[in-house]
Amino acid sequence: MSDGSANGAHERTGLLSYTEDDHSRKIVDFTDWDDEDPRNWPRSRKLINVGIIALMAVLSPLASSMFVPGIAQIAADLEASKETVVGATTGFVVFLGLGPLILAPLSETFGRRKLYLVCFSIFALLQIPTALSPNVQGLIAVRSLSGFFGSVGIANGGGTISDMFHPSQRAGVFGWYLLGPLLGPTLGPLLGGLITQHLGWRWVFWFLTIICTINTVLGFLFLKETYAPVILENRKHRYEETEGGKFRIANQDDRPFRTRLVISMQRPLKILFTQPIVFTMAVWQAILFGTTYGLYTNFEDIYGGEYGFSTTQVGLVYLGPGLGFLICVWFIVPKIDTIYNHLTKKHGDEAKPEYRLPLANIGAVLIPISLLWFAWTVQYRVHWFVTVLSTVFFGLGQITILNTVQNYYIDSFSKYAASAIAAGAVFRSIVGGIIPLFVSPLFDQVGYGWGVSVFAFLAMALSPAPLVFYYCGEFLREKFAIEL
């Protein structure tokens, strides 16, 4: 099968066979320029697929933070403390991370499209009981469950993009897709603030019901299957029905279905805990997401309490990191492919995952600097514009790190990219969900200056990681090589 990239043949290799090859069967595989190969699809069809899954990847994180401006209103309405209501965000974000552990490997067994449609349909329907929650316990329970099913866009988006785009073309498209997990929590409080202020907190979830339903309908109408083994399996059945005889998929995995399913379910955790690079990068992303959610859940206190902003004005503050995201995706992320292709050509057309990492050093520098900037300008009540400006650079650093690391995962684990991304997602989401529970007491005890600086110091400790792995990554990948 033609891939058009230096490492394309390896990346699109089929499942390993565990039985003797039956030469009486015809082999089913993609041919050069095969119209059914997602990498040979017209660009318009690819971008329609990307657009639908990107919207899924925006909506679930959007739902994670959209009700934050209404926490006080929810607490009063459901007769609960604000700290208890924050638990609804924790439950959602934690299950947003746990979901990929199951949904990513399932997509590598049953295909991407089925998982997207089933899970996002359930996610859309779960917004209804959330809007009708009679008490805080019900709110937390339904929100947590919806976080699990809403994670499907995050769990499988990277794998879907890897299915459709060659490595040399991937980073630019992937950059726009990855805006979702970060832009969602950024836009959520702004939209949620407007809805809560004018319509009440329950309308936040009615709004989500409507927009998630529209996205699901678009998926049923336009979303196409991209996972090569599933497409080839369908082709095999079609040949057997129309031509007769027996066919087999190239490099077909003949192990029992239950065995393949169990192995696929174990794959994300196996990757996370046996690969030092994946584990280190997952810890780094976890600190970034924990910092993000910790700050986002306290913007109301910082800007509403310290600076006297209205609910709508506080919502506008979240556009600071959002602007950083857009600047990065527009100007920096496309350079990931440029540098990757340059280094590949420089080293005799031998592509390596480590060639994705150089730009991560920009984020490694910007994250601790921007956090220290934010921490002490807020502590000393410097003009609000100066504090918000620091969040622009924080957002820029986040996107740079997230894009380079996710592309590194995809290049390292090729066909099992969804499981590799899930391995990193679970850790960052669990930490990102739990940290907000402890951030407010930390700020109350030590102030915003030292409180936010704690996260800056943690980010600083891990900032050498891209440089270290650029030079040592190949050695570590070979030393800790695993069978998947």
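pLDDT is the predictor's confidence in each residue, from 0 to 100. The structure here is a predicted model.

**Exercise 1.** Find where pLDDT stays under 50, and set that stretch against the chain average.

*Solution.*
- Step 1: Take the whole chain. Its average pLDDT is 85. A score of at least 70 is reached by 94% of the residues.
- Step 2: Look for the weak stretch. Residues 1-22 stay under 50.
- Step 3: Check the contacts of that stretch. The model has 57 of them beyond four places in sequence.

**Exercise 2.** Describe the surroundings of Thr-186: is the residue buried or exposed, and which residues does Thr-186 touch?

*Solution.*
- Step 1: Place the residue. Thr-186 sits in helix H9, which covers residues 179-199.
- Step 2: Apply the cut-off. Buried means under 20% relative accessible area. Thr-186 has 0%, so Thr-186 is buried.
- Step 3: List the neighbors, leaving out residues up to four places away in sequence. Thr-186 touches Tyr-296, Tyr-318, Leu-319, Pro-321, Gly-322 and Phe-325.
- Step 4: Pick out the polar contact. The side chains of Thr-186 and Tyr-296 make one at 2.9 Å.

**Exercise 3.** Explain why Cys-119 forms no disulfide, and classify Cys-119 and Cys-472 by accessibility.

*Solution.*
- Step 1: Count the disulfides. The structure has zero.
- Step 2: Recall the cut-off. A disulfide needs two cysteine sulfur atoms within 2.5 Å.
- Step 3: Find the closest cysteine sulfur to that of Cys-119. It belongs to Cys-212, 13 Å away, so the pair is too far apart for a bond.
- Step 4: Classify. Cys-119 is buried, at 4% relative accessibility. Cys-472 is partly exposed, at 34%.

Note on methods:
Residues are numbered from 1 along each chain as its sequence is written. This is a predicted model: local features need pLDDT of at least 70, side-chain atom pairs count only at pLDDT 80 or more; totals for chains, interfaces and linings use all residues. Side-chain values use heavy atoms; hydrogens and water are left out. Contact means heavy atoms within 4.5 Å. Helices (H or I, at least four residues) and strands (E, at least two) are DSSP runs, numbered from the N terminus. Buried means under 20% relative accessible area, exposed over 50%, partly exposed in between (1.4 Å probe, protein chains only). A polar contact is a pair of N or O atoms within 3.5 Å; within protein, one must be able to donate a hydrogen and the other to accept it, and residues adjacent in sequence count only if both atoms are side-chain atoms.
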